[in-house]
Amino acid sequence: MTSSMLTARQADKRVFDETVSVLGGFRPGYPKFYSIADLGEHSRRRWVPLERAVEGGRVERMFRDYFTESGDIRFATYLVADAFAHAVLGRAVASFVTTGRIWDTGAENMSVRTDIEGGLDWAGVRDTTLRVLPSDPAAGSPGITTMPCERSTAQWLACRSRATLGAVFDGLSDVSNCGVETLWSMAGECVLGAATIVPTYAGTSAETGGRRGQYVLQALHEAGLAVRRRSSLPRTPGAGPIPVREAVRRPTR
């Protein structure tokens, strides 16, 4: 490894660790909620590559476990869609609207970690290279990719996330009989929630956060995804409402 390559990797890692530290401070007591892991620093145990989440059965198992527990299709579908939307888009949008930095959300770059109950409690990336805005102090540093502007950054994030979540939502739709458009409407709510609420936690500009969030929504919308539509999830006949204890698990969403 040449000295220039080493310097680039060290610079990239420094900026990545700095960003993760900032994101981890948004939810005191739950630093993993918005942060992202460097997979190079973790064992493979409990980590599921997103490119194998559907074929490997993780999406179906999560849905069936939640449905077995609740007997409610809407509840089970909501929990699975919400978990993956947050893992892929929620965390990245939280970073974009506050720090202006994003990582690659492509399926081949991301993995999710399962908790002891079979849900998802963290997300990580193999390649820690960050995309930053021209005004970022890290712009121009070795190992850092500087994007032209906010809009182009949002479009790149939307493009990478679209393919990743598209595969997950297709798989979830197959087992839940929930339309893909409804699942994308949940992803839209995830983006909107992160863009409007997280800047409050971070003490950053609400105007900037809202603008960047709308750029992401617009890019997804222009790709033909129903992120601006509000659709109802399917419901099991005779099933009760979503339990309050579960409905409030993620107040930021």
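In the predicted model, the structure holds 13 salt bridges. One of these joins the side chains of Lys-13 and Asp-38, with a nitrogen-to-oxygen distance of 3.7 Å. Because Lys-13 belongs to helix α1 and Asp-38 to strand β1 (residues 37-38), this pair ties together parts of the chain that are 25 residues apart in sequence. Both Lys-13 and Asp-38 are buried, and the two residues also take part in a network of salt bridges that links Lys-13, Asp-17, Asp-38 and Glu-41.

A salt bridge within a single helix is found between Glu-60 and Arg-64, where the closest N and O atoms are 2.8 Å apart. Both residues lie in helix α2 and are separated by 4 residues, about one turn of the helix. Glu-60 is partly exposed, its relative accessible area being 35%, and Arg-64 is likewise partly exposed, with a relative accessible area of 44%. A further salt bridge is formed by the side chains of Glu-150 and Arg-211, with an N to O distance of 2.8 Å. This pair links distant parts of the chain, since Glu-150 is in helix α4 and Arg-211 in helix α6, 61 residues apart. With a relative accessibility of 15%, Glu-150 counts as buried, because the limit for a buried residue is under 20%, whereas Arg-211, at 31% relative accessibility, counts as partly exposed.

The nonpolar interior was examined next. The largest nonpolar core comprises 64 residues, of which Phe-84, Val-216 and Leu-220 touch the most other members. At least two residues of this core are supplied by each of α1 (3-24), α2 (58-70), α3 (73-98), β3 (110-114), β4 (120-125), α4 (150-176), α5 (180-202) and α6 (206-222). Of these elements, α3 gives the most to the core, contributing 15 residues. In general terms, nonpolar side chains tend to be buried together in soluble globular proteins. When neighbours within four places in sequence are left aside, Val-216 is in contact with Leu-89, Val-93, Phe-96, Ala-154, Leu-157, Ala-158 and Val-191.

Helix α6 can be described in further detail. At 1.5 Å a residue, the 17 residues of α6 should span 24 Å, and the C-alpha atoms at its ends are indeed 24 Å apart, so the expected and modelled spans agree. The buried residues of this helix are Thr-208, Gly-209, Arg-212, Gly-213, Val-216, Leu-217, Ala-219 and Leu-220. Because these residues cover an arc of only 165° around the axis, they are placed on the same side of α6. The buried residues of α6 pack against α3, α4 and α5, while the face of α6 turned away from its buried side carries the exposed residues Glu-207 and Glu-222. At the N-terminal end, α6 is capped by Ser-205, a side-chain oxygen of which lies 3.3 Å from the backbone nitrogen of Glu-207. Following the helix is Gly-224, whose phi is positive, near 90°.

Positive phi values also occur at residues that are not glycine. Most residues other than glycine have a negative phi. Arg-46, although not a glycine, has a positive phi of about 75°; this residue is placed in the loop between β1 and β2 (47-49) and is partly exposed, with a relative accessible area of 30%. Asn-177, which is not a glycine either, has a positive phi of about 60°. The position of Asn-177 is in the loop between α4 and α5, and at 69% relative accessibility the residue counts as exposed, because the limit for an exposed residue is over 50%.

A buried polar side chain was also identified in helix α3, where His-86 is found. At 1% relative accessibility, His-86 counts as buried, and the side chain of His-86 reaches the backbone oxygen of Phe-33 at 2.7 Å.

How values were computed:
Residues are numbered from 1 along each chain as its sequence is written. This is a predicted model: local features need pLDDT of at least 70, side-chain atom pairs count only at pLDDT 80 or more; totals for chains, interfaces and linings use all residues. Side-chain values use heavy atoms; hydrogens and water are left out. A nonpolar core is a set of buried Ala, Val, Leu, Ile, Met, Phe, Trp, Tyr and Cys residues joined through side-chain atoms within 4.5 Å. Buried means under 20% relative accessible area, exposed over 50%, partly exposed in between (1.4 Å probe, protein chains only). Contact means heavy atoms within 4.5 Å. The expected span of a helix is 1.5 Å times one less than its number of residues. The arc is that of the directions from the helix axis to the C-beta atoms. A polar contact is a pair of N or O atoms within 3.5 Å; within protein, one must be able to donate a hydrogen and the other to accept it, and residues adjacent in sequence count only if both atoms are side-chain atoms. A salt bridge is a side-chain nitrogen of Lys or Arg within 4 Å of a carboxyl oxygen of Asp or Glu.
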